[in-house]
Amino acid sequence: MHEVSIAQSLIDVVLDQLRGERATNEQVTLVRVRIGVFSGVVPAALVSAFGPASEGTALEAARLQIDVVPLAVWCDACGAEQELPTAGPLHCPKCGTRAAHVVRGRELEVVSVELGRRPS
Ligand SMILES: [Zn+2]
């Protein structure tokens with residue numbers, strides 16, 4: 001299940017950030033991530049992988065909030081960006097031309113992290 005390794009790398013990104021900010025005594029309460037529908041990540045699977053993966057880290061009490069980014073492609077024929085309803089074949093929904101490239105929908109990134117004090 002590759003969501004486990006994705007959860008692990010998201011946690012590593014956040015822990016690195018905490019070290020960079022010298023905030024290693026803080027407890028993370030919320031991690032907000034952005035996931036494109038074309039990234040291949042299943043949000044529900046990521047949420048269930050996140051709990052066990054974060055155990056014993058500063059993120060173990062954190063909630064994972066996922067913003068899903070819809071898939072959008074650039075269509076040369078229309079000269080416009082088009083949003084696709086599903087992560088299916090990359091064809092323009094307006095004219096059917098094969099889309100030149102994906103504009104959005106491949107995101108997999110940490111947007112923000114909220115911190116709280118570790119209870120003493
Ligand atoms: Zn088009």
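## Helix α2

Helices here are DSSP runs (H or I) of at least four residues, numbered from the N terminus. With that in hand, α2 is followed by Gly 56, a residue with positive phi, near 80°. Keep in mind that this is a predicted model.

What span should the 12 residues of α2 have at 1.5 Å a residue? The expected figure is 16 Å, and the end C-alpha atoms of α2 sit 16 Å apart, so the two agree. The buried residues of α2 are Leu 46, Ala 49, Phe 50, Ala 53 and Ser 54. Looking down the α2 axis, you find these buried residues within an arc of 115°, so they line one face of the helix. On the other side of α2, Ala 44 and Pro 52 are exposed. As for partners, the buried residues of α2 pack against α1 and β2 (63-69).

## Pro 43

Helix α2 also holds a proline, Pro 43. Is Pro 43 buried or exposed, with 16 other C-beta atoms within 10 Å? A residue counts as buried at 20 or more such atoms and as exposed at 12 or fewer, so Pro 43, with its 16, is partly exposed.

Leaving aside neighbours within four places in sequence, Pro 43 has contacts with Ile 35, Ile 66 and Val 68. Take Val 68: it is 25 residues from Pro 43 along the chain, yet their C-alpha atoms are separated by 8.1 Å.

## Helix α1

Now for the helix that α2 packs against. Helix α1 covers residues 2-20, and its 19 residues should span 27 Å at 1.5 Å a residue; the end C-alpha atoms are 27 Å apart, which agrees. Buried in α1 are Ile 6, Ala 7, Leu 10, Ile 11, Val 14 and Leu 18. Seen down the axis of α1, the buried residues stay within an arc of 135°, so they line one face of the helix. The general background is that an α-helix has 3.6 residues a turn, so residues three or four places apart point the same way.

Turn α1 around and the face away from its buried side carries the exposed residues His 2, Ser 5, Asp 12, Asp 16, Arg 19 and Gly 20. The buried residues of α1 pack against β1 (26-36), α2 (43-54) and β6 (108-117). After α1 comes Arg 22, with a positive phi near 50°.

## Nonpolar cores

How many residues are in the largest nonpolar core? It has 20, and those with the most contacts inside it are Ala 7, Val 14, Val 28, Val 31 and Leu 59. At least two residues of this core come from each of α1, β1 and α2, with α1 giving the largest share, 6 residues.

Ala 7 shows how α1 meets α2: not counting residues up to four places away in sequence, Ala 7 touches Leu 46, Ala 49, Phe 50 and Ala 53. There's also a second, separate core of 7 residues, which includes Val 37, Val 73, Cys 75 and Ala 99.

## Two domains

The domain assignment gives domain 1 (1-69 + 111-120) and domain 2 (71-104). Their C-alpha centres lie 31 Å apart. Where the two touch, domain 1 brings 4 residues to the contact and domain 2 brings 4 residues. On the domain 1 side, those residues sort into 3 nonpolar, 1 polar and no charged.

How values were computed. Residues are numbered from 1 along each chain as its sequence is written. This is a predicted model: local features need pLDDT of at least 70, side-chain atom pairs count only at pLDDT 80 or more; totals for chains, interfaces and linings use all residues. The expected span of a helix is 1.5 Å times one less than its number of residues. The arc is that of the directions from the helix axis to the C-beta atoms. Two residues are in contact if their C-beta atoms, placed from the backbone, lie within 7 Å. Domain bounds come from an automatic or database domain assignment. Ala, Val, Leu, Ile, Met, Phe, Trp, Tyr, Cys and Pro count as nonpolar, Asp, Glu, Lys and Arg as charged, and the others, Gly among them, as polar. A nonpolar core is a set of buried Ala, Val, Leu, Ile, Met, Phe, Trp, Tyr and Cys residues joined through C-beta atoms within 7 Å.
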